[in-house]
Structures are given as C-alpha cells and as structure tokens.
Amino acid sequence: MTATADRTGTATNETVQSIYVTALRNTHALEKQAAQMIQRQIERYENYSELSQALRMHKSETDQQVTRLSDLLHGHGEDRSLLKDVVTQTVGNVAALVHSVTSDEVLKNLYTDYSVETYEIAAYTSLIALAEEAGHQRDVETLRLSLREEERMAEAVFKQIVPVTKEYVAREVRGEKADR
C-alpha cells in the first residue's frame, strides 16, 4: 500500500510540476506579447505624454519580467516555448496594427492595455498558487514582484482612462490629430 501511495504521490507531484511549468511558459509568452504591444504604442503616441511615460516604465518592467520567467524556467530545467513566443508576439503585433488604423487608436489601446494588465494580474496570482502547490516557495517572491508591477500598471492605466478620453475629445473638437 505504501508503494501505491508513493507512486500516486509522485504522479500527483509530477502533474503539479507540469501544470506549473506550463503556466510559466504561458506567462512568459504573454509577457513577450505585452512587450511587443507596449513597444508599438510607445512608438506611436505623440500627444499623450503621461500615458507614454507609464508605458515606457512598464516596458522596462515587462522586459525584466520576461527575464525573471526565463530564469525560473531554466531553474526548473525547462525552456520557454518558442512556438508560443512566436504566436503571441505575432498576435500582439497584429492587435497593435489593427488599432493603428482606427481613428480612436489611443482609446482602443487604452482599453486593451487595461484588459491585458488585469489578465496578467490573474496569471501571476495563479502562478503564485501553483508555485506554492508545487513546493517552489523560492519562486513565490519573484512572482509576487511581477504581480506588484502589474497591479501598479493596471492602476496607472485606469487612472489614465478619463484624462486620455477627455484629451482625445478635446483634440477631435479642435480638429487636431487625436488618434495618437
């Protein structure tokens, strides 16, 4: 009976490990996508300095998050998923391109940015729970650092919704370039 319990325990632990590593890979790909989207927005925004400043700061954080996730994956003897990286980066670039041809690009990007930040908050919250379940307590603080960065950015983006919307409307009313 002990041998069966040991095998079941080992199988359960291997399952939890597999789920955790998959989530790390997925979040790594998500952060790569976010970095691409942020970079495209930074390149295009001309009239929204506070939003651009927040995006520049968060681009740096996002790059650090990608590195942290890579380090965690390597620490578990794993590597990122090249296929997921390519697919999610492509999706990020396509999303930025689609919004770039709309007259209200900055507003659509703002909504997308807030959605992405809340999605990342959920992803890191889940990763922390998975790390704890997998017995990787040493990973938790690294993941919490990224979670705090995402929470700060979500708050920063949320605070920009009203001012950016009002600036967009004011620029449109004056007949000035408002989309970016």
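How many Å should the 29 residues of helix H4 span at 1.5 Å a residue? I started my notebook with that one.

**Entry 1: helix lengths**

I worked from a predicted model, in which local features need pLDDT of at least 70, side-chain atom pairs count only at pLDDT 80 or more, and totals for chains, interfaces and linings use all residues. Residues are numbered from 1 along each chain as its sequence is written, and side-chain values use heavy atoms, with hydrogens and water left out.

H4 covers residues 105–133 and should span 42 Å; its end C-alpha atoms lie 41 Å apart, so the two values agree. The expected span here is 1.5 Å times one less than the number of residues in the helix. I then looked up H2, which has 27 residues and reaches 39 Å from first C-alpha to last, close to the 39 Å expected.

I also checked what comes after each of these helices. Glycine 135, just after H4, takes a positive phi of about 80 degrees. H2 is followed by glycine 77, again with a positive phi, near 70 degrees.

**Entry 2: the whole chain**

I counted five helices and zero strands in the protein chain, taking helices (H or I, at least four residues) and strands (E, at least two) as DSSP runs numbered from the N terminus. Along the sequence the pattern reads α-α-α-α-α.

Buried residues make up 44% of the 180 residues. For the record, buried means under 20% relative accessible area, exposed over 50%, and partly exposed in between (1.4 Å probe, protein chains only).

Contacts (heavy atoms within 4.5 Å) were next on my list. Among those between residues at least 6 apart in sequence, 80% join residues at least 24 apart.

**Entry 3: the nonpolar cores**

I looked for nonpolar cores, meaning sets of buried Ala, Val, Leu, Ile, Met, Phe, Trp, Tyr and Cys residues joined through side-chain atoms within 4.5 Å. The largest has 19 residues, and Tyr20, Leu24, Leu69, Tyr124, Leu127 and Leu143 touch the most other members. Helix H1 (2–44), helix H2 (49–75), H4 and helix H5 (137–173) each supply at least two residues of this core. H4 gives the most, with six residues.

I followed leucine 143 in particular. Leaving out residues up to four places away in sequence, leucine 143 touches Tyr20, Leu24, Leu69, Leu72, Tyr124, Leu127, Ile128 and Ala131. Apart from this core lies another, of 15 residues, among them Tyr45, Tyr48, Ala54 and Met153.

**Entry 4: two buried polar residues**

Which side chain of opposite charge is nearest to glutamate 117? I found arginine 152, 9.9 Å away, and glutamate 117 is buried yet has no salt bridge. Charges here follow a simple rule: Lys and Arg count as positive, Asp and Glu as negative, and His and the chain ends are not counted.

Glutamate 117 sits in helix H4. The side chain of glutamate 117 does make a polar contact with the side chain of histidine 58, at 3.4 Å. Such a contact is a pair of N or O atoms within 3.5 Å; within protein, one must be able to donate a hydrogen and the other to accept it, and residues adjacent in sequence count only if both atoms are side-chain atoms. Beyond four places in sequence, glutamate 117 touches His58, Glu150, Met153 and Ala154.

Threonine 62 belongs to helix H2, and it is buried, with a relative accessible area of 0%. Not counting residues up to four places away in sequence, threonine 62 touches Glu31, Ala34, Ala35 and Ile38.

**Entry 5: salt bridges**

I used the rule of a side-chain nitrogen of Lys or Arg within 4 Å of a carboxyl oxygen of Asp or Glu. By that rule the count comes to 15 salt bridges.

One of them joins the side chains of glutamate 149 and arginine 68 (2.9 Å, N to O). Glutamate 149 lies in helix H5 and arginine 68 in helix H2, so this pair ties together parts 81 residues apart in sequence. Both partners are buried: glutamate 149 at 4% relative accessibility, and arginine 68 at 14%.

Lysine 159 pairs with glutamate 155, their closest N and O atoms being 3.0 Å apart. Both lie in helix H5, four residues apart, about one turn of the helix. Lysine 159 is exposed at 54%, while glutamate 155 is partly exposed at 45%.

My last look was at glutamate 176 and arginine 171, with closest N and O atoms 3.2 Å apart in a salt bridge. Salt bridges that share partners join Glu167, Arg171, Arg174 and Glu176 into one network.
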